[in-house]
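Colleague: I am new to this structure and would like a close look at a single part of it, taken slowly. Please choose one helix and walk me through its surroundings.

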Amino acid sequence: PVPPDLCYLNNFETPEHPRALRLPAGDGRLLRQLMAQWVKRLGNDIPKRLLEPDFKTKSDRIEKAYKTEEDLAYAAISAYAESRHFSLMREQGHMVFSYRDEKGEPMTAGRAMTLPREQRAEIDSAEADLRDEIGRFLEKTRSMEHVMNEGLAALRRQVIKPLIDHELQAIRNALRKPIQEPDKLAAYLERVQQEVLENLELFQSGDEEEARLEALESVLSRLGVNVVVDNHGLSGAPVIVQDNPVFRALFGCIEYQSAEDVLMTDFSRIRAGSLLKAHGGFLMLHVRDLLSDEVVWEKLSRFMRSGRLQIDEFGVHLSPIAAVSLSPE
């Protein structure tokens, strides 16, 4: 019979150990296509949903509640500063204050030096108390801002989750039954949903647009499917004749690209060799070719002994450039 397809998926917990998934022949490319189409739609559907009036009303309510609390806290610390002859203002995220004399005029450093020692000590003490109060105010507002952000994130998840549920269920329904590893596929799609819900803020325009788009692209790239063995066109078991059984052609490989003096890779760069492509069928080799290559013969012997194939890139550890290594399932 036609053997299943073999796909590699991102492992969100430990990316260096990509997940392997077997699907009925033809379903590998179908899953890849469905996921790619869904990821493309996400860029339009999520921002559109987050611009709807109902979401805007609820998010404005959360932000308004935060702003009200912050204004009350600021009014309290402003009153505290004023009672001690300090004027207080917010300037580009910082708290700026200055001491004022009995006439309400700002006290310059030169004038302050002419004051009696006792009065200067009183001003210094009042300033220290105000700094402590400002510290408590900033800590309180940071806590309030955290609560606001958590509330907005929960609201985004509440609005978007039904949309993702519907789309992923459509993907499950489109795949043929029975699926060889239904639990693994279900766990993967659930983790995909979690990944999108945890990064919903990246779908909304912000101040640092270039950084946002770069981060969003990184998230979406982790949702793809790498079909390393595609058996959709077969009518029976595969029969592969390998006339050039070099290491990569036989055992597969992991491709790398250089980025800032580091060799980078991920699950999408795993490539299958003849042993994986012939899985469930037949692989024909010339023994003389194998015996003439000591490295290939040794790895093939280990494979025959264990019945397990570990894809790796031969010689990457000898590279003068640091490399991000993978250990695919």
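Modeller: Two residues are said here to be in contact when they have heavy atoms within 4.5 Å of each other, and that cut-off is needed for what follows. Please keep in mind that this is a predicted model.

The part I would choose is helix H6, which runs over residues 209–221 and so has 13 residues by its numbering, reaching 18 Å from its first C-alpha to its last, close to the 18 Å expected at 1.5 Å a residue. Within H6, the residues Arg212, Leu216, Val219 and Leu220 are buried, and they lie on the same side of the helix because they cover an arc of only 95° around its axis. On the other side of H6 one finds Glu210, Glu214 and Glu217, which are exposed. The buried residues of H6 pack against two other helices, namely H1 (27–49) and H5 (182–198).

To see this packing from the partner's side, it helps to turn to Leu42, whose place is in helix H1. Leu42 counts as buried because its relative accessibility is 2%, where buried means under 20%. Once its neighbours within four places in sequence are left aside, Leu42 is in contact with Pro47, Val196, Phe203, Leu220 and Leu223. One of these, Leu220, is among the buried residues of H6 already named, so that the contact list of Leu42 includes a residue of the helix we began with. Separation along the chain can be set beside separation in space for Leu42 as well: Glu82 is 40 residues away along the chain, and the C-alpha atoms of Leu42 and Glu82 are separated by 52 Å.

The end of H6 also leads to a pocket, since helix H6 covers residues 209–221 and Ser221 is one of the residues that lie nearest the centre of the second largest pocket, together with Met264, Thr265, Asp266 and Phe267. That pocket holds about 370 Å³ of space and is lined by 15 residues, which divide into five nonpolar, six polar and four charged.

For orientation, the largest pocket holds about 610 Å³ of space and is lined by 25 residues, with Arg22, Leu276, Phe303, Gly307 and Leu309 nearest its centre. Among the elements that give two or more residues to this lining are strand E1 (5–9), strand E2 (19–23) and helix H10 (294–306), and the lining residues divide into 15 nonpolar, five polar and five charged.

Technical notes. Residues are numbered from 1 along each chain as its sequence is written. This is a predicted model: local features need pLDDT of at least 70, side-chain atom pairs count only at pLDDT 80 or more; totals for chains, interfaces and linings use all residues. Side-chain values use heavy atoms; hydrogens and water are left out. On a 1 Å grid over the protein atoms alone, a cavity is a set of points where a 1.4 Å probe fits but cannot get out, and a pocket is an open set with protein on both sides within 12 Å along at least five of seven lines; lining residues have an atom within 4 Å of a point. Grid points are joined across faces, edges and corners, and a volume is the space filled by probe spheres set on the points. Helices (H or I, at least four residues) and strands (E, at least two) are DSSP runs, numbered from the N terminus. Ala, Val, Leu, Ile, Met, Phe, Trp, Tyr, Cys and Pro count as nonpolar, Asp, Glu, Lys and Arg as charged, and the others, Gly among them, as polar. Buried means under 20% relative accessible area, exposed over 50%, partly exposed in between (1.4 Å probe, protein chains only). The arc is that of the directions from the helix axis to the C-beta atoms.
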